[in-house]
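Please look through the structure shown below together with the report that follows. The text goes from strands to domains, then to one helix and its surroundings, and ends with the ligand.

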Amino acid sequence: NCIVYWMRMNDLRIIDNRALAQASARAVSDSVPLIVLFVLSPQDYVAHDRSKRRIDFTLRNLRIIKSSLTLLDIPLYTIMHTTRRTLPERVLSILQSLQTTQLFANIEYELDELRRDIRICQLAKEYKIRPNFVHDKCIIEPGVLETKNGKAYTVYSPYQRNWIATLNSNISTYLDSSPIPQRNSIIVRQHPIFGPLFEIAVPDFVDGFKLEDIDKETMQKVWPAGADAAKEVLSRFLHTKSRVSQIGAADPLASEAEVSEKRSRVIAYKDVRDRADRDTTSRISPYLSAGVISARECVRASMVLLDITKVEAGRTTGVGKWVQEIAWRDFYNNVLASYPRVSMGRPFQEKMADVKWEVNEEHLNAWKQGKTGIPIVDAAMRQVNTMGWMHNRMRMIVAMFLSKDLMLDWRLGERYFMEQLIDGDLASNNGGWQWSASTGVDPAPYFRLFNPYSQSVKADPTGDYIRHFVEELKNLRGPEVHNPPVKIADKLGYPRPIVQHQEVRERALRRYKTPGQE
Ligand code: FAD
């Protein structure tokens, strides 16, 4: 007999992991060993446009987790399963061979994953296994918060007010840490079918994904794996007074040790978070998306910092503003779970399904490669292409540029982001794209179009961000870097703008105002 915890791509940690903690408690009370299972599912990764960087990050984290679990005499057994349709049966037959009585896993809120888990529940009885699916990803799980009319929220501000009030009146329910798993007292060294469980290594490949294509050295340096690395990233944000960056060569800030900032970085966050030319945000998203650190831990750490017993979530303080961003993450997961159509490539606002998009491969490729001739857009796209990460304001700028200036279908951008991002997460990515394309919940009003040039001046006042990522402009000083005159651009080999913002703006306004009319 044994208990199995099925670790998923979104909960790659041992500390403060609810399903793992419950599985361990059950194993101890039943006096049976705990085994951790991880299933690599290449077809799911293809279907969900998973980036190679994210897959590589998963494998790197799994290796660290395997060593930590081995110290607790808990085996991590990783398998690869090629046909996603048969994954529930495969998992259940493995559990049966391991003589598992109970399965524990944290819930994934994406539609395909919910369907998979429902299938597991339907079949589990046949296999004499009791499944336990646990909420863990969000601070307040989807479905708890409702409007006064008992509906799911579609506007962030009232959601966030309810979120903070609910949280503060039930702090321990939502923020208490789960205990780490206990050491196995019975050790399963050798399994008759699966062999020596402790010795089965985490693979260094996933079928169909050429992981060797990514710049692994840069990724390891910029995004080191493991719980300790996540803690360091968080602590650097909460406690470091100067903005000296730990980020590697691909980042403009590594060489920019700015020591004038005397306040903790999170305190300054309120005022400077939209600046991309400085290291102004936490950069914890890859770790939160992969669950290397829990969102609870982030909020708890912010309370420890201020020595407060209630969660701070107001716009007027740095910590409050930052916690509000974590509430955005819960909000988009709530939307995803409440309105499954957003998982299915459909706009939240159904009428926006009729917006007429351009079909223009050349423009799409220029956007992807960072060769649009609009420096801020190009810098941001080159950042994601090299680092697998992009600053939030930049995500908004490039998403609006694609869906409004180029009038290309936002889903093309959503997909490209997932293929590049190390922090790719369906709920937040879809939420961000639908916000930018004005098709989602609580969207940017369609008539409020970002002017990429004025956004550039605000988000990159020094021009350092552009100069770092756009090689052709690296020596261009002064404000011209935001919109280089044609003569200079030609001389430097930098492309001319593929569209004129003032001209295409009108087209977007027309098409968005009356979807389906043009
Ligand atoms: P911080 O500013 O330090 O915020 C802390 C944490 O709060 C983040 O790590 C993240 O978990 C959460 N958060 C912050 N802003 C948002 C937001 N707008 N929506 C949801 N959660 C938020 N975030 C992802 O994690 N994965 C994605 O795939 C993703 N795609 C996006 C696509 C678009 C078009 C847009 C506009 C936003 C997207 N975001 C996504 C949200 C946001 O840009 C990133 O979470 C943020 O830039 C990560 O940097 P950080 O950790 O330094 O953030």
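Strand 1 (residues 2–7) and strand 2 run parallel and are joined by 5 bridges, where two strands pair if DSSP finds at least two bridges between them. Helices (H or I, at least four residues) and strands (E, at least two) are DSSP runs, numbered from the N terminus. This is a predicted model, in which local features need pLDDT of at least 70 and side-chain atom pairs count only at pLDDT 80 or more, while totals for chains, interfaces and linings use all residues. Residues are numbered from 1 along each chain as its sequence is written.

Within strand 2, Val36 is the bridge partner of Tyr5. Strand 2 is also joined to strand 3 (residues 76–80) by 5 bridges, and these two strands run parallel; here Phe38 stands opposite Thr78 of strand 3. Of the 7 residues of strand 2 (residues 34–40), 6 are buried, a residue being buried if 20 or more other C-beta atoms lie within 10 Å of its own, exposed if 12 or fewer, and partly exposed in between, with C-beta atoms placed from the backbone.

Two residues in loops have a positive phi although neither is a glycine, and the table sets them side by side.

| Residue | Phi | Loop | C-beta atoms within 10 Å | Class |
|---|---|---|---|---|
| Ser31 | about 55 degrees | between helix 1 (18–30) and strand 2 | 9 | exposed |
| Asp442 | about 40 degrees | between helix 18 and helix 19 | 17 | partly exposed |

The domain assignment of the protein gives domain 1 (1–135) and domain 2 (344–513), with bounds that come from an automatic or database domain assignment. The C-alpha centres of domain 1 and domain 2 lie 38 Å apart, and 10 residues of domain 1 are in contact with 11 residues of domain 2, contact requiring that the C-beta atoms of two residues, placed from the backbone, lie within 7 Å. On the side of domain 1 that touches domain 2, helix 3 (residues 52–71) gives the largest share, 3 residues.

How far apart are the end C-alpha atoms of helix 15 (residues 375–387)? They are 18 Å apart, which agrees with the 18 Å that its 13 residues should span at 1.5 Å a residue, the expected span being 1.5 Å times one less than the number of residues. Because 11 of its 13 residues are buried, helix 15 is largely enclosed by the rest of the structure. The buried residues of helix 15 pack against several helices, among them helix 8 (216–222), helix 14 (361–369) and helix 16 (392–405). Just after helix 15, Gly388 takes a positive phi of about 75 degrees.

Ile397 lies in helix 16 and counts as buried, because it has 25 C-beta neighbours inside 10 Å. Leaving aside neighbours within four places in sequence, Ile397 is in contact with residues including Ile376, Val377 and Ala380, and these three are among the buried residues of helix 15.

The ligand is surrounded by 29 residues, of which the closest are Thr281, Ser282, Ser285, Asn429 and Gly432; a residue is near a molecule if its C-beta atom, placed from the backbone, lies within 6 Å of it. Helix 18 provides the largest share of this shell, 6 residues, and helix 11 (285–289), helix 13 (318–338), helix 16 and helix 18 (426–436) each supply at least two.
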